[in-house]
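User: I am new to this structure and would like a close look at a single part of it, set in the context of what surrounds that part. Please take your time and connect the details as you go.

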Amino acid sequence: MDTLNLISQLERNLKAHIRLLPDEQQARDWKMEIQLFYQGHPAGSTSFNLHGYDQQEAEQIARNVKDNPFVMREIDEYLWGESD
């Protein structure tokens with residue numbers, strides 16, 4: 001598989017460029033890079049390592065980032081910090 005590139009609307013003013021890259025060394029391992037844009041301006045980037053997923057499962061995670069509570073919580077904490 002080549003790199004999968006997606007643009008996803010995460011929230012009203014928050015968009016993400018998502019790149020899913022296969023791990024050349026480990027089958028069933030992937031790196032998901034997320035570059036964030038808030039109101040059209042770069043807001044940072046983060047990444048996630050996906051271990052033990054086949055291609056279809058990894059693509060589903062990348063295509064549905066906004067529906068993944070763990071990933072969205074990590075993105076919120078990265079952007080805004082904890083709101084204690």
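Which residue in strand 3 is the bridge partner of P22? Please start there and then describe the sheet around that pair.

Analyst: The model is a predicted one, and what follows should be read with that in mind. The bridge partner of P22 is W30, which belongs to strand 3. This pair is part of the contact between strand 2, residues 14-22, and strand 3, residues 29-38, two strands that run antiparallel and are joined by nine bridges. Another of the pairings is that of I18 with I34, the latter again in strand 3.

Between strand 2 and strand 3 the chain forms a hairpin with six residues between the strands, and within this hairpin R28 takes a positive phi near 70°. That value is found here in a residue other than glycine, and R28 itself sits in the loop that leads from strand 2 to strand 3. With a relative accessibility of 43%, R28 counts as partly exposed. At the other end of strand 3, the loop between strand 3 and strand 4 holds Q39, which also has a positive phi, of about 50°, although Q39 is not a glycine. Q39 is exposed, its relative accessible area being 51%.

Stepping back to the whole sheet, one finds an open sheet of four strands in the order 1-2-3-4, paired in antiparallel fashion. Strand 1 and strand 4 stand at its edges, and each has a single partner strand, so one side of each is left without a neighbour in the sheet. On average, and with direction ignored, neighbouring strands of this sheet are turned by 20° against each other.

On its other side, strand 2 is paired with strand 1: seven bridges join these two strands, which run antiparallel, and the hairpin that connects strand 1 to strand 2 passes through two residues. Within this pairing, Q9 has K15 of strand 2 as its bridge partner. S8, which is found in strand 1, counts as buried at 12% relative accessibility. Leaving aside the neighbours of S8 within four places in sequence, S8 is in contact with L14, K15, A16 and I18.

Strand 2 also holds L20, which counts as buried because its relative accessibility is 0%. From L20 to I34 the separation is 14 residues in sequence, while the distance in space is 8.9 Å, C-alpha to C-alpha. I34 deserves a closer look, for apart from residues up to four places away in sequence, I34 touches A16, H17, I18, G44, S45, T46, F48, V65, V71 and I75. I34 is also named, together with M32, V65 and I75, among the residues that touch the most other members of the largest nonpolar core, which has 21 residues. At least two residues of this core come from each of strand 1 (4-11), strand 2 (14-22), strand 3 (29-38), strand 4 (41-51), helix 1 (55-63) and helix 2 (69-80).

The two helices can now be placed against the sheet. Helix 1 lies across strand 1, strand 2, strand 3 and strand 4, and runs at about 35° to strand 1. Helix 2 lies across strand 1, strand 2, strand 3 and strand 4 as well, running at about 140° to strand 4.

For helix 1, the two sides can be told apart residue by residue. A58, E59, I61 and A62 are the buried residues in helix 1; they cover an arc of only 160° around the axis, which means that they lie on the same side of the helix. Q56 and Q60, by contrast, are exposed on the other side of helix 1. The elements that cover the buried residues of helix 1 include strand 1, strand 2, strand 3 and strand 4, the strands across which this helix lies. Where helix 1 starts, a side-chain oxygen of D54 reaches to within 3.1 Å of the backbone nitrogen of Q56.

To return to the starting point, the pair of P22 and W30 belongs to two strands joined by nine bridges, and both of these strands supply at least two residues to the largest nonpolar core.

Note on methods. Residues numbered from 1 in each chain as written. Predicted model: local features only at pLDDT ≥ 70, side-chain atom pairs only at ≥ 80, totals over all residues. Heavy atoms only, no water. Core = buried A, V, L, I, M, F, W, Y, C linked by side-chain atoms within 4.5 Å. Buried < 20%, exposed > 50% of the residue type's maximum accessible area, 1.4 Å probe, protein only. Contact = heavy atoms within 4.5 Å. Arc of directions from axis to C-beta. Polar contact = N/O pair within 3.5 Å; in protein donor to acceptor, adjacent residues only side chain to side chain. Pairing = 2+ DSSP bridges. Axes fitted to C-alpha atoms, helices over the stretch in contact; angles between N-to-C directions.
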